[in-house]
Amino acid sequence: MTKSSGNDAIVDPNTYADPDPKRAASRRDVLGFLAAFGVVTPTASLISAIDAGIATAEAQTAAGQPVPRLSVYTPNWPDMIELWRQLARDWAPLGVDLDVQQGTLDTFVSNIVAEQKLPHLGSMSWGGAPDRLDPDYFISEMFHSRRAIKGGLNFGLYKSDEFDKAADSQRQAMDPAERQKLVRLAQELVVADSPSLILYHRDIIHAYNKKRFKGMKPILGNGIGFPYMPLAYMDIEALQPRKVLRLTSIYDIASLNPFQTPEIYNSTTLRLIYATFVTRDEKAEVMPWALASWNVVDNTTVDIVLRPNTKFHDGKPATVEDVKFTFDFILKHKFPAMGRVTDALESASITGDNTVRLKLKQPSAPFVANVLGYAFLAPKHIWETIPANLATPADWPNDKPVGSGPWKFVEWRKGEHIQFAANKDFYRPAKLDGFIAAVVPQMESMVGMLERGDSDMLAWNLDMTLGARISQNPDLEVVRTPTHGQHEVRLNLSMAPCNNKAFRHALQHATDRKKILDIIFSGAGVVSHGAPITPALEAWAVPSLKGYEPNIDKARAVLKDGGFTWNAQGKLMLPS
Amino acid sequence: MTDTSSLSAPPALVVRIAVPMRRLARFLAIAFETWSGSFGITVLAIIVLVAALSPWIAPYDPIANHFNQAGQLKRLEPPSAAHWLGTTYYGLDVLSQMIDGTRIVLVVGITCAFFIAIIGTNVGLVAGYYGGRIDAALMRITGLAFGIPFIPFAVVLVALLGPSLWNMILTISLLMWRTTARVIRSQVLSVRERGFVKAAKIAGASDLRIIYVHIFPNVLPMTLLYVAFDIAWAVLAEASISFLGFGDPNQVSWGQMLYLAYVSGSIRQAWWWTIPPGLGLSLFVIAVFLVGRQYEKLASPRLR
Amino acid sequence: MEFLGFAARRTVHTAVTLVLLLVFMFVLFRLIPGDPTTLLLGTGELTLEAQQRLRAQWGLDQSLFEQLLAYCRNLISGELGLSFYYRRPVTEVIGPMLINTVILMLPILVLAIGLGIVIGTWLGWRRGERVEELGAVLVLIPRALPVFWTGIVLLSLFAYKLQWFPIGGIREAFFYPEAWYQNLPYYDVLQHLVLPVATGVLASMADPLMIMRTSLIEVRDEEFMVLARARGLSTRSLQRLARRSALLPVLTYSAVMVGFAFGGQVLLEVVFTWPGMGRLMVNSVTQRDYPVAQAAFFLMASVVVVLNLIVDLLYGWLDPRIRHD
């Protein structure tokens with residue numbers, strides 16, 4: 001179970017029919033070993049192995065043939081490995097065998113997303129980033145045929161005209177009620193076609209020291225500690241003299257320049273300093289942040305009103321000039337990190353003391369949430385005076401970031417910590433004096449620091465069992481928050497038998513999601529109903545979906561109806 | 001019964017087996033000369049035995065999840081009658097994993113040591129014997145191997161080739177031959193000046209013959225010594241790479257066990273999960289050292 | 001004179017090794033699938049068009065050879081380039097990490113070699129006695145323990161259970177001195193150093209120790225020592241005499257040790273959350289941050305190679321037979 005089965009194709013096409021899987025496996029090992037020694041060049045080895053696997057799989061799709069061993073590619077995380085062990089057991093009664101290959105995340109992404117080389121199956125997990133609250137992400141980005149290209153997330157190559165139409169319509173439906181109908185329709189189509197097995201939405205579990213601080217605000221997808229939602233830290237109060245919160249996080253930022261990187265942790269942390277125009281509240285509803293209000297005039301026009309008396313951290317007042325400057329700056333330099341702004345916005349023009357009119361390139365329902373929730377107010381007087389010798393302003397170090405957000409920058413020690421002070425001039429100032437996010441890459445150390453009192457909040461995803469242990473400490477409190485993120489298994493719809501709808505549905509019925517969630521995540525989460533949008537997002541979820549009760553007999557019935565049969569050894573045979 | 005000249009001449013086959021067996025027995029006896037050596041070789045013997053019998057003596061399948069009567073996962077349970085070494089985070093039996101892990105120890109140790117011995121010895125022989133440009137070129141390559149930091153390079157190779165056991169063996173073998181090559185080379189430098197080598201040369205023996213028939217047997221003890229220690233280093237290297245998360249997730253190696261314990265945040269609580277693999281690795285390496293030290297005396301007579 | 005020839009030859013060889021290393025690392029990193037923009041793709045945050053623009057901006061769309069040439073050109077003019085991940089000069093990224101690594105490494109090396117020499121002499125002198133056999137075994141035990149395991153055990157005991165020391169990092173992110181002694185200069189860093197240094201010393205002490213011991217045993221039986229003993233020198237003077245002669249192999253090994261210490265700290269840095277070069281090297285590979293990875297690897301490698309050169313030159317100077325190599 002090491003290297004992909006592809007190498008066998010080079011040597012012995014009958015390997016799949018080998019009745020002794022152990023012998024075939026050891027032969028694969030030897031071939032893999034030889035391949036590793038340079039029989040195949042390193043760059044090509046993995047891709048060619050997967051390629052060959054795909055080629056062989058396609059060669060094996062003659063009608064009436066046994067279903068080939070399904071090759072799986074997964075990141076090498078412990079929970080993913082355990083997931084595939086469970087799935088192998090769940091699907092074995094269907095006469096299906098798996099060949100699991102794993103890679104580090106970076107290699108996984110470059111093979112699957114960049115090169116679009118998904119074998120039969122692949123697993124992935126998606127976090128609760130703020131722009132994913134808008135249904136467009138999990139609908140268009142993952143399943144629209146437009147995204148079945150290199151760099152796109154529709155690596156399962158799902159192509160459905162009906163779905164594309166629904167997805168495109170919901171994107172442009174500016175009326176919320178109509179959009180809701182279209183979003184639900186799109187999801188029902190996805191459920192009917194089953195291009196992906198959405199497994200569960202794992203809860204976010206954070207912990208904090210309740211003897212020292214209170215006022216934590218759990219937000220969907222954010223928990224109490226992630227920086228994705230600026231509102232999370234705003235109402236935290238100290239119960240002891242020290243009014244600076246110390247939290248621990250696994251990641252560190254890479255840059256203080258908000259135009260530079262789209263990476264989620266970095267960009268959201270910087271947006272604590274640079275206020276975005278709108279943000280989301282506890283109910284995940286869009287609310288004004290740097291703006292006082294906005295008005296959707298028509299399909300392609302949005303008027304925004306800047307909040308009066310806004311000041312930057314250096315004391316200078318913020319005006320509509322800064323607003324217009326920010327949008328012009330982004331449009332002029334076309335920062336790759338700000339791609340969603342450049343894709344959506346046509347122009348920005350000042351129409352009053354506090355108002356700016358934004359013209360969109362095309363109607364876009366997610367515009368306010370995803371573009372105004374991502375673009376931020378940048379100080380014109382600083383950004384127009386940066387050195388001219390840089391290739392792009394995104395390369396400017398910006399060592400003393402100045403924004404208008406609720407938190408002022410104090411210090412960043414690379415790889416160690418980043419420190420903020422509360423901006424008391426913000427329209428709704430934080431109750432703390434400041435907070436420090438320390439970089440602690442080990443869960444072990446994070447828990448230890450919390451338990452010893454070295455830190456006040458553990459702002460990374462805990463596991464429930466760890467959480468149970470921590471809650472036994474009377475000083476500590478564990479907070480569980482649902483998320484809109486998800487774990488899924490994607491099928492490659494261009495390869496048999498994954499291109500067969502009955503097969504996909506059978507897998508849905510054979511998978512025991514609850515048991516897997518219990519084993520891997522101690523049951524902390526919501527089992528999926530099959531649609532990509534979590535039931536927790538009531539505005540967009542489809543309420544009528546029942547989900548899948550694990551039932552092998554039902555799965556086998558579905559297969560039989562689809563024309564599948566089983567041979568004497570119990571192996572699944574393709575329909576003739 | 002060391003006298004083979006008894007009245008009834010023993011069958012030739014028995015003699016053929018008896019003499020090498022006696023040599024082997026004498027060879028093994030060296031290990032038992034001191035208490036430390038005895039301890040070492042006993043531990044190694046136990047590990048080899050467990051590895052060989054592992055499918056039969058392991059109480060459960062190492063990757064099977066265990067549930068209690070109520071159907072709940074037996075997660076992180078301390079040692080009990082059903083699970084002598086308790087269970088892991090996903091409810092797997094620790095004892096079965098420990099037993100299964102002995103196989104990896106031996107596979108990795110012996111395979112890597114084998115490759116390291118082949119590469120290192122040959123590089124050392126060729127470089128030491130020919131000298132001049134060939135030596136310079138080979139020493140440059142050895143210098144390269146010395147310069148590259150081990151674990152970061154292992155990470156690079158795993159990113160390149162994928163985290164599988166064979167790739168790890170490859171990584172370890174690709175770098176760790178450097179010490180052996182150096183040592184063998186300096187040995188060859190002194191051996192090649194000796195009388196019998198010069199005589200062979202004069203007699204017209206080919207280079208290959210001189211290297212492998214005359215010089216190699218004299219550096220063999222040193223080679224074997226390093227092979228022994230390399231087994232230990234290779235096992236530690238695999239454990240280190242696995243501990244950092246770059247190991248083969250499909251193999252139940254002791255390093256992988258420690259990685260999973262660490263990454264699940266249980267390493268301080270679940271002592272039954274943490275201590276056995278660490279202890280196992282330590283005992284194995286100590287045993288190899290102790291046994292190797294006994295044979296060190298063969299290779300360097302002055303240490304007797 | 002011939003020494004100079006030898007030295008020149010060796011130096012040229014070292015330079016060639018370094019160049020080979022550079023090219024090797026350069027090509028190796030770019031063989032790994034993906035590039036610095038790949039991880040950003042995985043979350044759907046970067047459109048394909050934006051990614052291609054970024055790649056063009058960063059010179060990643062040129063052929064391997066062109067990139068290598070550009071890199072070498074920059075290197076000669078002292079330009080290590082910009083980190084793709086941080087968009088800052090590579091020196092700025094590596095500098096603080098290098099300092100952190102040295103802060104960790106120096107005490108470990110000094111203590112390991114120092115203790116190794118002292119205890120090795122003590123043991124070597126008592127060759128043949130029971131205590132020497134026991135001592136040799138005892139010394140090998142910490143050497144055999146996996147470094148990360150020793151670290152975790154020490155952490156569990158001294159940092160978590162007894163709470164004598166912090167559980168990681170190089171300094172507290174939020175350090176508020178309370179007791180008087182905590183105001184001493186560098187107290188914070190020092191208290192963070194104790195456990196990782198202890199772990200490192202335990203693991204690395206055995207090698208110089210055993211070399212010293214072996215070397216001393218060999219020296220003890222040399223003619224000049226027999227003569228000195230016959231002349232009736234006191235044990236202490238004998239020891240001093242022996243030690244001086246036995247020191248050379250240890251010192252040369254120390255040079256090699258320094259090189260290895262650079263590359264082998266990843267485990268310590270992970271267990272003790274130490275922000276040093278080891279973690280930087282590993283992270284830069286994962287992030288495909290080529291300039292940083294190349295510079296870091298090359299830096300580590302050149303330290304080892306240059307040290308080996310110095311050792312070679314030293315041996316060549318001391319032992320004329322070697323110069324004919």
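This passage describes two contacts made by chain A and one strand pairing within chain A, all taken from a predicted model.

The contact between chains A and C draws on 42 residues of chain A and 35 residues of chain C. On the side of chain A that touches chain C, two or more residues come from each of helix H3 (42–59), helix H5 (105–114), strand E17 (434–439) and helix H14 (443–452). The most is given by H5(A), with 7 residues. Sorted by class, this side of chain A holds 18 nonpolar, 15 polar and 9 charged residues.

Chain A also touches chain B, with 31 residues of chain A in contact with 28 residues of chain B. The elements of chain A that each supply at least two residues to this side are helix H2 (21–39), H3, helix H4 (78–91), strand E2 (98–103), H5, H14, helix H15 (464–471) and helix H17 (513–521). Here H2(A) gives the most, with 5 residues. The side of chain A that touches chain B is made up of 12 nonpolar, 10 polar and 9 charged residues. H3, H5 and H14 of chain A are thus listed both for the side that touches chain C and for the side that touches chain B.

Within chain A, strand E13 (residues 345–350) pairs with strand E14 (residues 355–360) in the antiparallel sense, over 5 bridges. The connection from E13(A) to E14(A) is a hairpin of 4 residues. In this pairing, A:Leu345 stands opposite A:Leu360 of E14(A). In a regular strand, side chains alternate between the two faces of the sheet.

Conventions. Residues numbered from 1 in each chain as written. Chains lettered and ligands numbered in written order. Predicted model: local features only at pLDDT ≥ 70, side-chain atom pairs only at ≥ 80, totals over all residues. Contact = placed C-beta atoms within 7 Å. Nonpolar A, V, L, I, M, F, W, Y, C, P; charged D, E, K, R; others polar. Pairing = 2+ DSSP bridges.
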